[in-house]
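Me: Hi! I'm new to reading structures and could use some company. Can we go through this one together?
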Amino acid sequence: MRYNIWAYILVMAGVTYLVRMLPLALMRKRLENKFIRSFLFYVPYAVLTVMTVPAVFESTGSLASACAGFAVAMLLAYRGAQLLPVAIAACGTAFAVDWLLTLF
Amino acid sequence: MEQTQGVCRNSLTAGLRDGVPIGLGYFSVSITFGMMAVASGLPVWAAVAISMTNVTSAGQFAGLGVIVANGSLFEMALTQLVINARYALMSLSLSQKLDRRVTPADRFLMSFMITDEVYAVAAGGEGSVGRRYFYGLMLAPYLGWALGTLTGAVASSLLPAMVQSALGIAIYGMFIAIVVPVAKKVRPVLKVVALSVVLSCAVHYLPVLNQISSGFTIILCTVVAAAAGAVLFPVKEASE
């Protein structure tokens with residue numbers, strides 16, 4: 001870790017709070033700019049995708065288990081499963097594959 | 001739906017009641033954060049401190065990524081700014097729905113707990129939002145988030161190594177579960193997601209570009225993909 005953990009926590013919490021607080025405390029008018037509204041609409045999906053791919057493939061004990069967990073997560077999510085079941089199924093699959101690999 | 005337009009929702013008990021399902025959901029999600037944080041090498045108290053001061057899922061996970069990657073404090077600030085920018089929009093929207101009796105001091109306190117779900121429940125109902133209702137609504141989600149993190153952090157340090165390494169994929173499973181159903185339904189989101197995959201892989205694997213640190217990679221790819229989406233597929237009001 002490059003800095004004291006408290007420095008990271010302070011910056012994280014400070015920026016997150018300001019982002020939430022400033023508009024509520026200061027702004028009284030509606031944001032009309034269509035580009036900004038559209039941009040903010042797409043941000044969550046873009047950011048989650050960028051964080052997931054390709055990092056997900058290095059997130060477990062092996063590439064094989066990560067691929068298997070990823071495939072199961074995609075399938076369940078496509079079928080509309082909730083967050084927690086998808087996460088648990090991905091973990092279970094990754095664990096099973098890594099455990100099978102230790103047998104060979 | 002006994003309330004009509006113009007009525008102020010200001011009941012503490014109604015707020016508390018509406019907060020319980022959110023709190024239960026947060027408990028289960030923040031278990032994953034607690035586990036991830038400890039699996040990444042953070043002490044239990046730091047995981048809980050992050051949850052108690054931030055109360056944001058994607059922002060905390062990304063922040064954890066910056067810490068683990070030895071990112072700078074500037075990268076941390078920029079990452080949080082970009083990832084949590086949507087809260088500014090929610091905060092702005094909520095400011096239009098607050099009861100007139102909500103004081104500036106209330107606004108400073110209430111804004112701490114503007115999350116996707118709390119915002120949705122507070123702003124989605126009819127009539128204006130009173131301070132007592134919002135304070136009631138805040139409580140269960142905050143407790144759920146903090147206690148879930150503690151539970152996950154403590155449980156993680158007791159787990160064998162192979163289970164811990166399998167848990168590394170949990171957070172990505174959650175991200176996938178958030179993105180895929182929306183991408184399936186909304187075509188432009190699918191295109192923005194596809195562009196995000198291409199950009200992220202390019203920055204990760206291509207020479208020169210792969211020198212960029214992970215914190216900036218997230219910001220850079222997100223801003224480009226979301227901006228491209230905003231230019232090519234502007235969002236109509238109904239989809240907000």
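Me: Let's start with helix H2 of chain A: what should its 19 residues span?
Reply: Happy to help! This is a predicted model. At 1.5 Å a residue, the 19 residues of H2(A), residues 34-52, should span 27 Å. The C-alpha atoms at its ends are 28 Å apart, which agrees.

Me: Nice. Where does H2(A) bend?
Reply: At A:Val43, by about 35°. A proline, A:Pro44, follows within four residues.

Me: And how many of its residues are buried?
Reply: For H2(A), 15 of the 19 are buried, so the helix is largely enclosed by the rest of the structure.

Me: Ok, on to the two chains. How many residues of each are in contact?
Reply: Chain A has 65 residues in contact with 81 residues of chain B.

Me: Which helix of chain A gives the most to that side?
Reply: That's H2(A) again, with 18 residues on the side of chain A that touches chain B. Helices H1 (5-26), H3 (63-78) and H4 (83-103) of chain A also each supply at least two residues there.

Me: New topic: chain B. At what angle do H3(B) and H4(B) cross?
Reply: Roughly 160°, with the axes of H3(B), residues 57-68, and H4(B), residues 73-83, coming within 10 Å. Angles over 145 degrees count as roughly antiparallel, so H3(B) is roughly antiparallel to H4(B).

Me: Is that crossing left-handed or right-handed?
Reply: H3(B) and H4(B) make a right-handed crossing.

Me: Which residues make the contact?
Reply: On H3(B), they include B:Ala58, B:Gly59 and B:Val66. From H4(B), B:Glu75, B:Met76 and B:Ile83 are among them.

Technical notes: Residues numbered from 1 in each chain as written. Chains lettered and ligands numbered in written order. Predicted model: local features only at pLDDT ≥ 70, side-chain atom pairs only at ≥ 80, totals over all residues. Expected span 1.5 Å × (residues − 1). Bend = angle between axes of the 7 residues up to and from the residue. Buried ≥ 20, exposed ≤ 12 C-beta atoms within 10 Å, placed from the backbone. Axes fitted to C-alpha atoms, helices over the stretch in contact; angles between N-to-C directions. Parallel < 35°, antiparallel > 145°, perpendicular 65-115°, else oblique. Left-handed = near helix turned anticlockwise from the far one by under 90°. Contact = placed C-beta atoms within 7 Å.
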